[in-house]
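Please examine the structure shown below, giving attention to how its strands, helices and pockets are arranged. The paragraphs that follow take these topics in turn.

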Amino acid sequence: MADPDDAPPAAPRAANVGAVAILVAVLVGLLVWQRPWAGDDPAAAVPDLPTRSDRVVVEQLAALSAAETAADFRRAAGESAASAELADRIWRARTALAVDGIDFRRMSGGTVVDDPDGSTSVVVEVSWGTAEASPLGGTDSATARVRLRFLPTGDERLALTGVQTAGDLMPLWLAGEIDVRGGAGAVAISVDGGGIDAVTEKVEVAREQVERITGSDEPLVVVDPATAELGADLLGRTEAELAPIAGVATRLTGSRPLVLLNPDVFAAMDGRAAQVVVTHEATHAMTGAVGAAVEPWVSEGFADFVALRDDTAPLDVSAGQILEQVRTSGAPASLPSAADFDTGGSGLGAVYEGAWLIFRLIGETAPDASVVEFYTRVRDGADVEQALSDTLGTDLTSLTAAWRDYLTTGAS
């Protein structure tokens with residue numbers, strides 16, 4: 001039998017058991033405290049939607065619409081850090097773009113949780129106006145559908161936490177953090193941190209080039225989103241549709257004609273190519289081509305006529321694709337058609353270069369005023385043949401023959 005004196009003292013054992021109990025309690029407490037962040041079901045810690053959440057949504061949308069100050073707008077957005085941050089961002093954007101008369105109206109949603117984070121989405125029709133001083137141009141009313149996301153806060157209230165597209169073009173003032181640079185008719189707008197500094201200088205150069213050649217004094221606005229996804233949302237297109245282009249002259253919801261850049265393509269360009277893109281699209285935006293049914297070779301060729309007017313690059317650089325095509329297969333039999341411009345892929349570059357060389361040829365013998373007059377008449381709906389005769393004293397047959405010779409000479 002063992003000697004009782006060899007047994008360990010009872011007190012230390014009790015102390016060890018107590019220490020283990022304390023440790024277990026602490027660990028359990030940590031697990032409970034961490035559950036909203038580390039649990040398998042994050043939504044378990046989110047409060048339920050308010051009773052009659054649709055009515056709560058309508059009331060908050062009315063408060064957002066009626067807000068007259070940033071503080072009012074923040075309160076209407078809800079009591080959370082995320083909603084305050086989003087509300088402040090939207091208020092800064094609407095101030096920078098001179099947006100006013102905002103009205104949010106619920107169309108559907110807001111009654112069920114439809115995201116793992118415990119939030120609900122609401123499709124909203126939003127309308128607004130812009131002052132004459134807005135870089136987007138003055139308008140009495142613009143309208144778009146957006147999807148707002150609300151998170152319950154546990155006090156029969158909701159907090160606005162996100163804005164997404166809902167099938168329409170995303171309003172610029174709801175799209176992200178807005179930075180407006182420039183002035184005197186040449187404005188660059190970045191969204192969520194696009195390359196604003198480099199773009200601002202190119203906007204100023206582009207506006208001067210277009211005004212000098214065409215006489216247009218229309219303001220030029222260039223929008224530079226941080227991502228192609230954001231640019232696609234603003235255009236109401238998919239990223240795949242935006243992928244091939246560096247920039248496009250268009251109208252955003254409630255805007256005058258402007259230029260929107262695709263950062264995935266534009267940011268990879270050297271300074272010369274980037275300037276050509278901005279000036280080309282600026283020509284469309286500033287001369288009334290956006291939305292007009294203009295013969296493509298006239299519209300695109302004239303835009304490059306302006307954009308490349310000051311270019312000093314060799315012809316093999318500016319028109320390398322079409323010249324190589326001529327060396328390989330001979331000059332095209334006819335001027336570029338609308339179907340040629342609808343063709344994607346690498347061949348499209350040669351089509352644009354061919355259209356530019358038509359105007360380069362014309363400009364070697366005709367004054368700028370006559371070239372601009374020809375373009376203006378076609379833009380306004382005149383027949384191309386008649387416009388050629390009236391302004392340049394030629395016809396399509398003669399122009400085509402001269403252009404083919406011009407291409408052949410350039411290729412040789």
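**A sheet, its helices and two pockets**

Strands β6 (residues 186–191) and β7 (residues 220–225) run parallel and are joined by six bridges. Across them, S190 has D224 in β7 as its bridge partner. This is a predicted model. In general, the strands of a sheet pair through backbone hydrogen bonds, in either a parallel or an antiparallel manner.

The wider setting is an open sheet of five strands, ordered β5-β6-β7-β9-β8, in which the pairing is mixed. At the edges stand β5 (178–183) and β8 (247–250); each has a single partner strand, so one side of each is left without a neighbour in the sheet. From one strand to the next, the twist averages 20°.

Two helices accompany the sheet. Helix α6 (residues 196–214) packs on it, touching β5, β6, β7 and β9 (258–261), and its direction makes about 150° with that of β6. Helix α7 (residues 228–235) lies across β6, β7, β8 and β9 and runs at about 130° to β7.

Attention now turns to the pockets. The largest pocket has a volume of about 1,300 Å³. It is lined by 41 residues, of which H280, E281, E300, L348 and Y352 are the closest to its centre. Helix α10 gives the largest share of this lining, seven residues. By class, the lining divides into 21 nonpolar, twelve polar and eight charged residues.

The second largest pocket has a volume of about 230 Å³. Among its 13 lining residues, L308, R309, D311, W356 and R360 are the closest to the centre. Here the largest share, four residues, comes from α15.

Notes
Residues numbered from 1 in each chain as written. Predicted model: local features only at pLDDT ≥ 70, side-chain atom pairs only at ≥ 80, totals over all residues. Heavy atoms only, no water. Pairing = 2+ DSSP bridges. Axes fitted to C-alpha atoms, helices over the stretch in contact; angles between N-to-C directions. Contact = heavy atoms within 4.5 Å. 1 Å grid on protein atoms, 1.4 Å probe; cavity = no way out; pocket = protein on both sides within 12 Å on 5 of 7 lines; lining within 4 Å. Points joined across faces, edges and corners; volume = space filled by probe spheres on them. Nonpolar A, V, L, I, M, F, W, Y, C, P; charged D, E, K, R; others polar.
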